[in-house]
Amino acid sequence: MDILKYILIFLHILGAAAIVGGWFATFKKPTVLPVQLYGAIAQVVTGLALVGIAGAAHDPLNYYKIGVKLLIAIVVLVPAVIGYRKAASGADVSTGLAHAVGGMALINIAVATLWN
């Protein structure tokens with residue numbers, strides 16, 4: 001079970017890197033890249049899987065932190081989907097929408113690392 005947990009943690013971190021890395025790469029001309037959408041999906045799926053594994057193992061969980069992180073992850077996923085669809089159709093992605101994806105992902109990373 002530990003190897004599955006570590007693979008999920010790896011994929012979770014990789015998803016965060018994809019979102020923030022894509023945001024930094026397009027900072028001057030904001031848009032939402034496909035890699036950011038895939039990273040947002042990976043963050044939600046692997047995060048829920050990690051919570052499920054921890055709950056099944058009866059590990060102590062901070063449900064307030066999990067709730068806040070899930071809420072922020074959804075706030076990242078929704079604009080990522082909207083922005084990706086706009087970019088794929090050739091429409092301009094608003095600056096606020098593109099920065100919401102990267103900025104909120106950065107806030108989610110801060111919550112994960114700074115909240116004890």
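# A tour of pocket, patch and cavity

Start at K29, which sits in the loop between α1 and α2. Keep in mind that this is a predicted model. Is K29 buried or exposed? K29 counts as exposed, because its relative accessibility is 69% and the cut-off for exposed is over 50%. Now add Y6 to the selection. The two residues are 23 apart in sequence. From C-alpha to C-alpha, K29 and Y6 are 35 Å apart in space.

**The patch on the surface**

Next, select M1, I3, L4, I7, F10, L11 and L14. These residues form a nonpolar patch on the surface. How much accessible area do they have together? The figure for the patch is about 720 Å². Pick out L11 from this group. L11 belongs to helix α1. Its relative accessible area is 35%, so L11 is partly exposed: the value falls between the 20% and 50% cut-offs.

**Further along α1**

Stay in helix α1 and select G15. Here the relative accessible area is 4%. G15 is therefore buried, as that value is under 20%. Add A87, which is 72 residues from G15 in sequence. Draw a line between their C-alpha atoms and the distance is 20 Å.

**The largest pocket**

Now show H12, G47, L50, V51 and K69. Of the 29 residues that line the largest pocket, these are the closest to its centre. The space in this pocket comes to about 770 Å³.

Colour the helices next. Which of them supply at least two residues each to the pocket lining? They are α1 (2-25), α2 (34-56), α3 (63-88) and α4 (95-114). The biggest contribution is from α2, which gives eight residues to the lining of the largest pocket.

Then colour the pocket lining by class. It has 18 nonpolar residues. Six more lining residues are polar, and five are charged.

**The cavity**

Go on to the enclosed space. How many cavities of 30 Å³ or more are there? The count is one. The volume of the largest cavity is about 60 Å³.

To see its walls, select A16, I19, A40, Q43, V44, A73, V76, A105, N108 and I109, which line the largest cavity. Each of α1, α2, α3 and α4 supplies at least two residues of this lining. By class, the cavity lining has eight nonpolar residues and two polar ones. No charged residue is part of the cavity lining.

Zoom in on Q43, a lining residue of the cavity that lies in helix α2. Is Q43 buried or exposed? Q43 is buried, because its relative accessible area of 11% is under the 20% cut-off. Now add A73, another residue of the cavity lining. Q43 and A73 are 30 residues apart in sequence. In space, their C-alpha atoms are 7.0 Å apart.

**The loop between α2 and α3**

Move to H58, found in the loop between α2 and α3. Look at its backbone. What is the phi of H58 near? It is near 60°, a positive value in a residue other than glycine. Most residues other than glycine have a negative phi. Switch to the surface view. H58 is exposed, because its relative accessible area of 70% is over 50%.

**Last stop: α3**

Finish with R85, in helix α3. At 60% relative accessibility, R85 counts as exposed, since the cut-off is over 50%. Select P34 as its partner for a distance. Along the chain, R85 and P34 are 51 residues apart. Their C-alpha atoms are separated by 9.4 Å.

Methods: Residues numbered from 1 in each chain as written. Predicted model: local features only at pLDDT ≥ 70, side-chain atom pairs only at ≥ 80, totals over all residues. Heavy atoms only, no water. 1 Å grid on protein atoms, 1.4 Å probe; cavity = no way out; pocket = protein on both sides within 12 Å on 5 of 7 lines; lining within 4 Å. Points joined across faces, edges and corners; volume = space filled by probe spheres on them. Helix = DSSP H or I, 4+ residues; strand = E, 2+ residues; numbered from the N terminus. Nonpolar A, V, L, I, M, F, W, Y, C, P; charged D, E, K, R; others polar. Patch = residues over 30% accessible without salt bridge, like charges linked within 9 Å, V, L, I, M, F, W, Y side chains within 5 Å. Areas by Shrake-Rupley, 256 points an atom, 1.4 Å probe, with all protein chains shown as cover. Salt bridge = Lys/Arg side-chain N within 4 Å of Asp/Glu carboxyl O. Buried < 20%, exposed > 50% of the residue type's maximum accessible area, 1.4 Å probe, protein only.
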